[in-house]
Amino acid sequence: MKRVLLILLALGLLAGFFRLVPLFHLVPLRQIQALAAAGEFNATNAARAFWDEHLMKSLNQAADVPQVLAALAADPVKARTQYGRTLGLSDSTLFYLHGTGRVVSVKKNGVVLALGADGTAADVLLPTGHLFGNTVRDGTGLLDASAFPNSQYFNDLSTELNHLVEASVLPQLRALAAPGVTLTFTGCAEVAADETELKPLKIIPIAVQLAAAP
Amino acid sequence: MNRQSLTVQLRRFQSLLALVLMVAALSAASPNFLTVDNTLNVLRQISINLCLSLGMTLVILSGGIDLSVGSVLALAGAVAAGLLKNGLALPSLNLLIQVTVPGAIVVGLGVGMVLGWANGVAVTRFKLPPFVATLGMLSIARGLTMLWTGGFPVTGLGDDFGWLGTGHWLGIPVPVWISVALVGACLLLTRRTPFGRHLYAVGGNERAATLSGLAVNRIKIMVYLLGGALAAVAGLLVTARLDSATPNAGLGYELDSIAAVVIGGTSLAGGRGSILGTVLGCLIIGVLNNGLFLLNVSPFWQQVVKGAVILVAVAADKAGSRRDH
C-alpha cells in the first residue's frame, strides 16, 4: 500500500512538473504547412535580390587590381590581410577586385587581359565557362553564413549566384571580348595560400563593360 | 611501509600516478597545456567520453561489454534533434506534435534506454554473448540513424538546446556539470545501494550470484538499460555542442570508452573496478589527446600512442592480477 502511494506521489509530481515544463505542443498540421510554405527559402529569389540590392550597389567597394597585385608581390601576408578575406579554416584568400585591361586574347576558357590600356602581358583571366565553387558568394564579404538557418541554404545561394554570372555576365563578356578592346571589370578572385604565380589572376566577373574612351 | 604494501599502494594509485606524470610532462613540454582555458577545454571534451564510459563501467563490472554505445549516441541525438527541428507529423489527425527542448531530451533518453534494454534482453533472454548482441545493435542503431536522418545532418536546433553543449554555469561548461552529476549518481549507485553490490557480485561470479538468489537477468538488463541511457546523454551533449546531429556521430567512440574503463583499472572479466578509476581513465585519454594535439603530433601517431597506452594498462592489470593469485 505504501509502495503504491509512493508511486502515485511520484507520478503526480512528474505530471505537475511536465505541466509546468511541457514536453510538446499540438498544432494543426495545415497551419504549420502554410507557414512553412510562406517562409520557405527560395535560393533563386534570394540570389536575385542580393544581386540587385547589394552586389550591384557595392561595385565601387572593390579594390584596384594593379594595386593588389603589386601589394601581393611586395608583401603577400600583409596584402592578403589588407585587401582580402579568409573564411573559416580555409587557407585561401578571397579578393573583391576592379580593373581595366586590354584584351590580349580570347581563349576557349576565358578572356585574357593586360592591365592598363597599353599593356601586353597576360595579367588577368576572366573565365567564360561553367562556374563552380563559392568565390562569387564569399569574395565580396557582403554575405554572412551565420545569417542563414542552415548551410544548405547558403550553398544553394552560391550555386544560384554562379548561375546569375553565367546567365547575365558571361554572355556579355563573350560578346564584347575581342583582341585590342579595352574592358572595365569587377569580380572576385580566390588565391590559394601557396600560390606565388599570380599572373594571369583568375577573376570571376560580376560586371563587365567597354572602357570609356580616354 | 614494507615493499609488498608499497607495491599494493602503487597498484592502487597507478592510474592517478600516470595522470600526474602525464600532466607534469605535458606542462613542461607545452606552455599552453596547463592554462585555465585548456583545462576547461579538456574537461569539456572528456565529458562526452565520461558519460559513455560510466555506462560502459557498469556493463563491464557486470561481466559484459557494450559495443553499441557510439551508435546509440548517434541515434538518440538524431531522434532528439529531428523531433526538435521538425516535430512529428500525424497527417491522419491533421496534427503536428511540436516537441520542446525538455521533450526532445526525454525522447532521446528514451531511445537510449530502449536500445539498452534490447541489448540486455538479447544477452539474458536469448543468451547471446554480449559482444555479439551489442555488435548487432551497433549496426542496427547506425542503420536506424541513417534512415531517420536520410544520411544528412540535422542542424539549426536553437540556442536553448545548444546551451546544453556550449553553455556555462559558474564559469564551468554545462557538459562538465552534467558529467560530474552523473559520476556522483554512479558512485552512489555502485557504492551505496544493494544494486551496486549485486552488480559486483554478478560480475565477479555469476553462478554464485544466481545460487545466492540474486535476480541476475534483471540486474543485467538494468545495467544495459543504464548504459544506453548514459550513451543517450552523451548523444544529446554532442548534438547540442555541434548544433547538429550527424549520422556519423559517435563512430568509434565505443573504443575510447572501453579504453577509459580499462585504463581506469576495471577488469574486463567483470566484478572488479570503480567509477573513480574510469574518471581517471577518461582524464588520461583526454589529457593524452589534448597533449599530443598541442605538441603537433600527427593524428595517425596519436592512434598508435593511444593503442599502446591501452595495451600497457591491460598488461599492468593482468600482471597485478597474477601477483594477487
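Helices here are DSSP runs of H or I with at least four residues, numbered from the N terminus. In this predicted model, one such helix, α11(B), comprises residues 216-242 of chain B and is followed by D243(B), whose phi is positive, near 55°. The length of α11(B) was compared with expectation: at 1.5 Å a residue, its 27 residues should span 39 Å, and the end C-alpha atoms are indeed 39 Å apart, so the two values agree. Of these 27 residues, 22 are buried, and α11(B) is therefore largely enclosed by the rest of the structure.

The surroundings of this helix were examined next. The largest nonpolar core of the model contains 86 residues. Helix α11(B) supplies 16 residues to this core, the largest share. The residues with the most contacts inside the core are C51(B), L52(B), L73(B), A76(B), A80(B), L230(B) and A234(B). When residues up to four places away in sequence are left out, L73(B) touches L52(B), A231(B), A234(B), G235(B), V238(B), A249(B), G250(B) and Y253(B). Two of the residues with the most contacts in the core, L52(B) and A234(B), are thus listed among the neighbours of L73(B). In soluble globular proteins, nonpolar side chains tend to be buried together.

A second core, separate from that one, has 41 residues and includes L69(A), V111(A), L113(A) and L201(A). Strand pairing in chain A involves some of these residues. Strands β5(A), residues 110-115, and β6(A), residues 124-127, pair in the antiparallel sense over 4 bridges. Within this pairing, V124(A) in β6(A) is the bridge partner of L113(A). Strand β6(A) is also joined by 2 bridges to β8(A), residues 201-202, and these two strands run parallel. There, L201(A) in β8(A) stands opposite V124(A). V124(A) accordingly has a partner in each pairing, L113(A) in one and L201(A) in the other.

Between the chains, 14 residues of chain A are in contact with 14 residues of chain B. On the side of chain A that touches chain B, the elements giving two or more residues are β1(A), residues 24-28, and α2(A), residues 29-39. The largest share of that side, 5 residues, comes from β1(A). By class, the chain A side consists of 10 nonpolar, 3 polar and 1 charged residues. Strand pairing also crosses between the chains: β1(A) is joined by 5 bridges to β2(B), residues 95-99, with the two strands running antiparallel. In this pairing L26(A) stands opposite I97(B) of β2(B).

Terms used: Residues numbered from 1 in each chain as written. Chains lettered and ligands numbered in written order. Predicted model: local features only at pLDDT ≥ 70, side-chain atom pairs only at ≥ 80, totals over all residues. Core = buried A, V, L, I, M, F, W, Y, C linked by C-beta atoms within 7 Å. Buried ≥ 20, exposed ≤ 12 C-beta atoms within 10 Å, placed from the backbone. Contact = placed C-beta atoms within 7 Å. Expected span 1.5 Å × (residues − 1). Nonpolar A, V, L, I, M, F, W, Y, C, P; charged D, E, K, R; others polar. Pairing = 2+ DSSP bridges.
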